[in-house]
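Morning, everyone. Please put the model up on the screen, and we'll walk through it together.

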Amino acid sequence: MSDIWRHGCQFSSVLKACRKGWRTFSSAPASASGSQSSTLDKKAYSKSLLLPKTKLSLWSDPSKSEEPFRNKSCTELYRWQWENAEGPLFILHDGPPYANGHLHMAGHALNKIVKDVIIRYNVLIGNKVHYTPGWDCHGLPIENKVLGQLGKDQRQVDSKTIRDAAKAFAEQEVQRQRGEFSQLGIMADWSRDTTYRTMDHTYEMRQLQIFKSMVEAGLIYRHYRPVHYSPSSRSALAEAELSYKDDHVSHSVYVAFSLNLKAEGMRPMLRKLLHDKFEAHLLVWTTTPWTLTANMGVAVHPELKYSIINQKKTGRILIVGSERVYDLTDILGEVEEIGQVDGSELVDCVYHPLFSQVAKDISYPYTLKVLPSAHVTADSGTGLVHCAPAHGAEDYLLFRNLGLLTTDKSMLCHVDADGRFSGKVTEVLGESAAKALVGKEVLKDGGKAISEMLGDTGVLVKVQKIRHRYPYDWKTDRPIIMLRVLSHFFRRDLLATSQWFADLDSIKEDALKALDEVSFFPVISRRRLQSFVQTRSEWCISRQRVWGVPIPALYHIDTDTAVMDGASLTHILSVLDEKGTAHWWDGPVEDFVPPHLHKEGEDPAITYRKGTDTMDVWFDSGSSWSMLRDVVGDEAEKRGYYADVCVEGSDQHRGWFQSQLLTAVAATKVEGKAVRPYNHLITHGMVLDPVGKKMSKSVGNIISPMTVITGGKDKKKEPAYGADVLRLWAATVEYWNDVSLGSNVLAQCAESLRKIRNSARFILGNLEDGRALVELPRVKQEEMNLADRYVMHELCKVDKLAREAYPTYNFAKVVNVLSNFTNVTLSSLYFDITKDCLYADARDSAERRAILTVLEQVLRTMVSVMAPVVPHLAEEIHYTLSRGDDPSSGSSVFTKKWEPMPSEWEDPSAEKDMNHLLRVRTVVLNLLEKARSNKSIGSSLEADVELVLPEDAAEPLDLLRRGGDFLKTLFIVSDVSIIHEEPEDRASLSWTHEDSIELFGKLFCVHLKYLDIDLVILGHNLRVLVRPAKLEKCPRCWTFTRREKDKLCGRCSEVGEV
């Protein structure tokens, strides 16, 4: 019968299957002794059997088993618990996914399912849950998307058109994703008022208030300096927006800068060593040859030794770091050392411009000198470093500290917003030579062209292809460059401006201290976030984009001085709060000039201009914690945090986890109350294909969550599994690591869910969908047999383990213990051994009522354990028990609190006794299988078992005798006898099978000579004998317990004839 329930026969065919026995027996004919009963009408007793009946279907159809429950179990449930839950407040703060495109597996499906399991568990135990889904709506991807739809470049479309189109597109994508999220069974109030978008007016104003607080605390400043710049995004990037690739290939160059031997400033020792030389060169290595046109100096370490060498093959005199000479053998060939000097002797030496040979008529604007710098090392290169302050942070800091940058225009920069050489390169190359570079991408053909030019001018020593670690734009997966960004790249009518930065050094210690109070899952993720925070000193928060929250800075046109202070922002934000942030772009500048800046005789419209930078989108989403202030209220300081839990992918250590922390620490510190944004951080991994590769559209290995739920075009290849299968997969895997997903994995999850469903279906069928015990008394623990008490004990363990695993976010442990319980304890054991009683006993028999009492509690606890992971199945079971007409109405299963199993059901003695008997059962089943293989029996009910044990084996005898009739139920045979010696009739039996087992053995350590330790088990030897059944087959229950003269067995006679 277990096969009937597991493999899908309809109830009309149950009786036919029953003729194979209550259990999974073969249909081989009975022994000759049963020939009389075989002549009876096989259907005579069908109506007297209590066969299972339930409305729960065998197979799950998402359109019937999920969709009808979705609203009740999601939006309505969230509203119900918010109004009715009396437990503690639990806040899971949603990191906003980007509003662009259909849902994908890792950042959307896996992420939202993990969150939903957490919040559903908290609802189930009675907590009051706050969960507000959100969307990240600003930034480059949406801007690029709408530009693609418009079919134009950003410079060809006015900003208002782009912003309007971007807003409309974001709204459209939010609606799309909202619908898809609901199909995952995510419990939330999905209405507009109870979700958030970073483009909402109230959200933007909260964000600007946080920005204002940071300005007033002196944490925001304006800087002229190079930043990470993405040509593919046409914007500056923060460190958090970078990814690093270890296999980037660059064409590095070794070039020789010619010293000006006649110039003033050369130290005496160096002049002495070079007094008879016509020329000498500084050998420099760089991986970015395209920056050489912007060279403004060569740096040396003043304390390193430098060798003056003669390159034998060319006769060229070169200066290199002494510790680097040997490593440069492949580059230089054979050399002769002329002498050595300290790096300090090279400082202030003047050298000629690198391209002086092709730009003889160009008057170079700077005197190029050798500069001292501690950032130069002898670990790589030549020990001399080419400096281009517009393209390198260390170069910039060196020049600034030496006072060599007087204005923002002091830095040479020949690269435009597209990452191409601009016309300004003519300043150092002249018009003729510049033609070979202008308009070419510096990271592609421009780099090759500069190398060819270096070769033509005779300064190129060597080109070397290297593979090294290099930063990429996280969004576009394209390499970036270091660049001093000027706003005239993007707005032709504006003067050059700098970037806005947040000072992190001033809050770093507080941020790290706050992290000390945060718990992490997995624990190792703490180190990753701490490292990101520890290594950052500033945050570039300005972006040169159209679609975003404005940085509300006014600029004095004549002096290009920024006006950014608390007083001006108070006025500006009041205007924006009234008229919307779009007014910053569309309204006149005079609306924003505060009264204290008005001067008599000055027209604000021609005195000031509005800034055009937008905020980094990480500042957008990182401000989301501020929404929780109203939720937590005055409890914030007492709690010490806003959100109980945040859950995101491992990539968010450099993103949202970090930006939340930094903005919250900064803003709350200003207010004098340090409140961290979260108390617990959970990190999940990425989703890979079955062979461990990252899912990618270009590779074609993407699996869409919606395809898993609703099926693909070919339903045979891509069946509609429904949301619960996808949710079960997410809860089964160790989601805190990268996880694989493919068709085989989904099929396995579907099979696992089917087994859980069919176990519930078996219970419902025997409980008659909850009606079976309505008028019957339940049985107390002390009146139950060993199997009943054992199952209840095992159920207690399941309940306890699940209630321990959910709060620690280890859902795989929950699924594993539930699956093991349903597959092993229930399906393979308890269901198998109780079918005879359930189907053939009297409806009100004590034994049957005991089983139903157990099944009722098993189902109740199973539903509670499974509900957070597979809510649709839990709702379907709950609806079946409620016997309602409309599945979309009525209460949700989550409105019934998950109460722990009473401790009195814990029964270690039952577990101990049952484990002993299960060992015996294994021996019995093996012997029955031998008999079946020899065709001695078809059904195990055709056999009896005799247990032979000496009379002095008190402990095992006591256990076996206490088992009584239960033993034949456990072994699935017709009778079990306990004897002390060989059975007298054995010689006359047509067949027997025998084995033995040690019971209640004890382990002793026996020392043997020449050996260390030998292990010996001493116990009682139990002989197990399987033999033909002594009695006849009962036509009603099929057990061989009928006396030859009787029509039915004693049990079936008492139940009553048809």
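**A walk through the model**

Let's start with F971. Setting aside residues up to four places away in sequence, F971 touches L917, V920, R921, V924, L925, L928, V945, L947 and V976. One reminder before we go on: this is a predicted model.

Where does F971 sit in the wider picture? It belongs to the largest nonpolar core, which has 160 residues. Within that core, W729, Y735, L947 and F971 touch the most other members. Which helix gives this core its largest share? Helix α30, residues 811-840, with 14 residues. There is also a second, separate core. That one has 67 residues, including A280, W290, V347 and A388. A general point for the newcomers: in soluble globular proteins, nonpolar side chains tend to be buried together.

Now look at W729 again. It is one of the buried residues of helix α27. The others on that list are A723, D724, V725, L726, R727, L728, A730 and A731. Note that D724 and R727 are in there too. Why do we call α27, residues 723-732, largely enclosed by the rest of the structure? Because nine of its 10 residues are buried.

Next, the overall layout. The chain is divided into five pieces: domain 1 (70-209 + 632-712), domain 2 (219-232 + 493-617), domain 3 (246-475), domain 4 (742-899) and domain 5 (909-1055). Domain 1 and domain 2 are each given as two segments. How far apart are the C-alpha centres of domain 3 and domain 5? The answer is 90 Å.

Let's zoom in on R267. It lies in the loop between β8 (242-258) and α11 (268-273). Is R267 buried or exposed? Neither: it is partly exposed, at 27% relative accessible area. Leaving aside neighbours within four places in sequence, R267 is in contact with S344, E345, V347 and D348. Take S344. R267 and S344 are 77 residues apart in sequence, yet 8.9 Å apart in space, C-alpha to C-alpha. And V347, remember, is part of that second core.

On to Q499. Its place is in strand β18, residues 499-503. Q499 is buried, with a relative accessible area of 2%. What does its side chain pair with? A polar contact of 2.5 Å joins it to the side chain of S542. Another, of 3.0 Å, joins it to the side chain of Q544.

Now cysteines. How many disulfides does the structure hold? Zero. Recall that a disulfide is a covalent bond between the sulfur atoms of two cysteines. Take C137. Its closest cysteine sulfur is in C646, 18 Å away, so that is too far for a bond. C137 is also buried, at 0% relative accessible area. C349 has a similar story. Its closest cysteine sulfur is in C387, at 15 Å, again too far for a bond. C349 counts as buried too, at 1% relative accessibility.

Last, confidence. The chain averages a pLDDT of 87, and 92% of the residues score at least 70. Over residues 1-40, though, the pLDDT is below 50. That stretch still has 89 contacts in the model beyond near neighbours in sequence. Residues 487-497 also stay under 50. For them the model has 38 contacts beyond four places in sequence. Where pLDDT is low, the predicted coordinates should not be read in detail. Thanks, and over to you.

Note on methods
Residues numbered from 1 in each chain as written. Predicted model: local features only at pLDDT ≥ 70, side-chain atom pairs only at ≥ 80, totals over all residues. Heavy atoms only, no water. Helix = DSSP H or I, 4+ residues; strand = E, 2+ residues; numbered from the N terminus. Buried < 20%, exposed > 50% of the residue type's maximum accessible area, 1.4 Å probe, protein only. Polar contact = N/O pair within 3.5 Å; in protein donor to acceptor, adjacent residues only side chain to side chain. Disulfide = S-S within 2.5 Å. Core = buried A, V, L, I, M, F, W, Y, C linked by side-chain atoms within 4.5 Å. Contact = heavy atoms within 4.5 Å. pLDDT = per-residue confidence, 0-100. Domains from an automatic or database assignment.
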